[in-house]
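Open the model in your viewer and keep the sequence panel visible. The tour goes from single residues to the whole chain.

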Amino acid sequence: VSPTISKKIVYDGLTMDELVAKLNKNLKSTLSGKGNIYAKYSIEYGVDPYLALAISLHETGCNSNDTCSNLVKTKNNVGGMMGKNGALSFATLDEGIQKFIKNIKENYYDYGLKTPEKMNPKYAASKTWASKVNKYIETIKAS
């Protein structure tokens, strides 16, 4: 990779390496070190990487060591994604992250639902979901 490419700003004034480092600071337990996957697919699909990570942290409980939900540990499902027969299962954690971010793009962003407030009614029954996701976003931005 040439020096000019690696210095390219990809999001929020950050290069890809800086974004990955920032995301990794907030990833613990099973998701530890997966900032590169969140960054790669968020940029590829045009989804806010802070939002994608914040939803994962809220939905999975992977915000401290050894606290990830069984959905992550047994199904590689980082977003609480459901199908006709219950929670969706993915072959690898990387695939689960990719499908989760693609789901945000296709089922929310493509319909103009790009903030926790706009996503809340469709994503979660809880009226406090958006405020909880926003708290994670603030933590990620501040890291």
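Buried here means under 20% relative accessible area, exposed means over 50%, and partly exposed lies in between, computed with a 1.4 Å probe and protein chains only. This is a predicted model, in which local features need pLDDT of at least 70 and side-chain atom pairs count only at pLDDT 80 or more, while totals for chains, interfaces and linings use all residues. Residues are numbered from 1 along each chain as its sequence is written, and side-chain values use heavy atoms, with hydrogens and water left out.

**Stop 1: helix α6**

Select residues 93–107, which form helix α6. Helices (H or I, at least four residues) and strands (E, at least two) are DSSP runs, numbered from the N terminus.

Start with Ile97, which belongs to helix α6. Is Ile97 buried or exposed? Its relative accessible area is 0%, so Ile97 counts as buried. Now display what surrounds it. Outside its neighbours within four places in sequence, Ile97 is in contact with Lys34, Ile37, Tyr38 and Val78; contact means heavy atoms within 4.5 Å. For one of these partners, Ile37, draw a C-alpha to C-alpha distance to Ile97: the two are 7.0 Å apart in space and 60 residues apart in sequence.

Move to Gln98, also placed in helix α6. Gln98 has a relative accessible area of 14% and is therefore buried. With neighbours within four places in sequence set aside, Gln98 has contacts with Tyr41 and Tyr45.

Next select Asn103 in helix α6. Its relative accessibility is 18%, so Asn103 counts as buried. Its contacts, again leaving out neighbours within four places in sequence, are Met81 and Tyr108. Add Gly79 to the selection: Asn103 and Gly79 are 24 residues apart in sequence, and their C-alpha atoms are 9.3 Å apart in space.

**Stop 2: Lys105**

Stay in helix α6 and select Lys105. With a relative accessible area of 25%, Lys105 is partly exposed. Which residues does Lys105 touch, not counting those up to four places away in sequence? They are Tyr45, Val47 and Asp110. Show the side chains of Lys105 and Asp110, which make a polar contact at 2.7 Å. A polar contact is a pair of N or O atoms within 3.5 Å; within protein, one must be able to donate a hydrogen and the other to accept it, and residues adjacent in sequence count only if both atoms are side-chain atoms. Then select Tyr41: its C-alpha atom is separated from that of Lys105 by 10 Å, with their positions 64 residues apart along the chain.

**Stop 3: two loop residues with positive phi**

Most residues other than glycine have a negative phi. Select Ser29, in the loop between α2 (16–24) and α3 (35–45). Ser29 is not a glycine, yet its phi is positive, at about 55 degrees. Ser29 is buried, its relative accessible area being 19%.

In that loop between α2 and α3, also select Ser32. Ser32 is partly exposed, with a relative accessible area of 47%. Its C-alpha atom lies 9.7 Å from that of Asn63, and the two residues are 31 apart in sequence.

Now jump to Asn76, in the loop between α5 (70–75) and β3 (82–83). Asn76 has a positive phi near 55 degrees, and it is a residue other than glycine. At a relative accessible area of 16%, Asn76 is buried.

**Stop 4: the whole chain**

Clear the selection and colour by secondary structure. The protein has 8 helices and 4 strands, arranged along the sequence as α-β-β-α-α-α-α-β-β-α-α-α. Zoom out: the C-alpha trace spans about 50 × 30 × 25 Å along its principal axes. The radius of gyration is 15 Å, which agrees with the value near 15 Å for a compact globule of 143 residues. That radius is taken over C-alpha atoms, and the globule rule is 2.2 Å times the number of residues to the power 0.38.

Of the 143 residues, 42% count as buried. Among contacts between residues at least 6 apart in sequence, 50% join residues at least 24 apart. Switch on a surface to finish: the protein exposes about 7500 Å², and carbon and sulfur atoms supply 51% of it. Accessible areas come from the Shrake-Rupley method with a 1.4 Å probe; for residues, only the protein chains shown count as cover.
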